[in-house]
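Here's an informal walk through one chain, written for someone who likes to check the numbers against the coordinates. Have a look at the structure first, then read on.

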Amino acid sequence: LGAETRKRHELSSKLDDMQEEIQMRQNELFQKQKVLEGEKKGANTVEMHLEQAKCNMEDHLRQYKEFLHNTQGVAKDLKDQIKCNDKLEAENNKNDDILAGKKKDLMIVHKELEQANKINGLFRHKIEEVEKHRVQYQEQSDRIKFVTDKMER
């Protein structure tokens, strides 16, 4: 009976030791579970932040693509405007050349007109001289006729 009691006591002591170890391991597991839950919450937070960052990046990318599209439209409009300006400049240069030619023609006509005015002035002077002589001849002719008429009477 003593051996059996001792055996029970040893078994009871082993059982207590095992229960104590189980309790310790359960406590360790509980602590590890708490740490894991904390890490899981942290991971969920990180995942949420990553998801938000991904959405922000997608939004920025969409805005950049929109900006790029608008910029390409503006660039095309500017190229078209430059082509139009180049055409207008070429036409303007052509008109400047035509205008320069017309100015030269006008200068020639102006010089010819000045010469014609000088010639007209000379003719006017000659006409005045001729008119003066005509008046003188007319007066002489009238005197001669007067004298002739008197003589005939």
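Where is the place of Q26? Q26 sits in helix α1, and keep in mind throughout that this is a predicted model. With a relative accessibility of 44%, Q26 falls in the partly exposed class, since that class lies between under 20% (buried) and over 50% (exposed). Follow the chain from Q26 to H133, 107 residues along, and the two C-alpha atoms turn out to be 154 Å apart.

K103 has its place in helix α1 too. K103 counts as exposed because its relative accessibility is 53% and the exposed class starts over 50%. Between K103 and T45 there are 83 Å in space, C-alpha to C-alpha, for a separation of 58 residues in sequence.

**Overall shape**

What does the chain contain in the way of helices and strands? The tally is one helix and zero strands. That helix, α1, covers residues 2–152. The C-alpha trace spans about 215 × 20 × 15 Å along its principal axes. The radius of gyration tells a matching story: the chain has 63 Å, whereas a compact globule of 153 residues would have a value near 15 Å.

How much of the chain is buried? Buried residues make up 0% of the 153 residues. The accessible surface adds up to about 15,100 Å², and carbon and sulfur atoms own 58% of that. On the charge side, there are 30 positive and 31 negative side chains. The centres of these two sets lie 6 Å apart.

**Salt bridges**

How many salt bridges does the count come to? The answer is six. Three of the pairs are listed here, with the N to O distance and the spacing along the helix.

| Pair | N to O distance | Spacing in helix α1 |
|---|---|---|
| E4 and R8 | 3.7 Å | four residues |
| R62 and D59 | 2.6 Å | three residues |
| R62 and E66 | 3.4 Å | four residues |

Take E4 and R8 to begin with. Their side chains meet in a salt bridge at 3.7 Å, which counts because the cut-off is within 4 Å. Both residues lie in helix α1, and their four-residue spacing is about one turn of the helix. E4 is partly exposed at 48% relative accessibility, whereas R8 is exposed at 58%; the line between the two classes is drawn at 50%.

R62 takes part in two of the tabulated pairs. With D59, the closest N and O atoms are 2.6 Å apart, and the two residues are separated by about one helical turn, being three residues apart in helix α1. With E66, the N to O distance is 3.4 Å, and here four residues make about one turn of the helix. Put together, D59, R62 and E66 are linked in a network of salt bridges.

How do the three members of that network fare for accessibility? R62 has a relative accessible area of 44% and is partly exposed. D59 is partly exposed as well, at 30%, and E66 is partly exposed at 46%.

**Cysteines**

How many disulfides does the count come to? It comes to zero disulfides. A disulfide would be a covalent bond between the sulfur atoms of two cysteines. To be counted, a pair of cysteine sulfur atoms has to be within 2.5 Å. As for the accessibility of C55, its relative accessible area is 37%, so C55 is partly exposed. C84 has a relative accessible area of 37%, so C84 is partly exposed too.

Technical notes: Residues numbered from 1 in each chain as written. Predicted model: local features only at pLDDT ≥ 70, side-chain atom pairs only at ≥ 80, totals over all residues. Heavy atoms only, no water. Buried < 20%, exposed > 50% of the residue type's maximum accessible area, 1.4 Å probe, protein only. Rg over C-alpha atoms; globule rule 2.2 N^0.38 Å. Areas by Shrake-Rupley, 256 points an atom, 1.4 Å probe, with all protein chains shown as cover. Lys, Arg positive; Asp, Glu negative; His and termini not counted. Charge placed at Lys NZ, Arg CZ, Asp CG, Glu CD.
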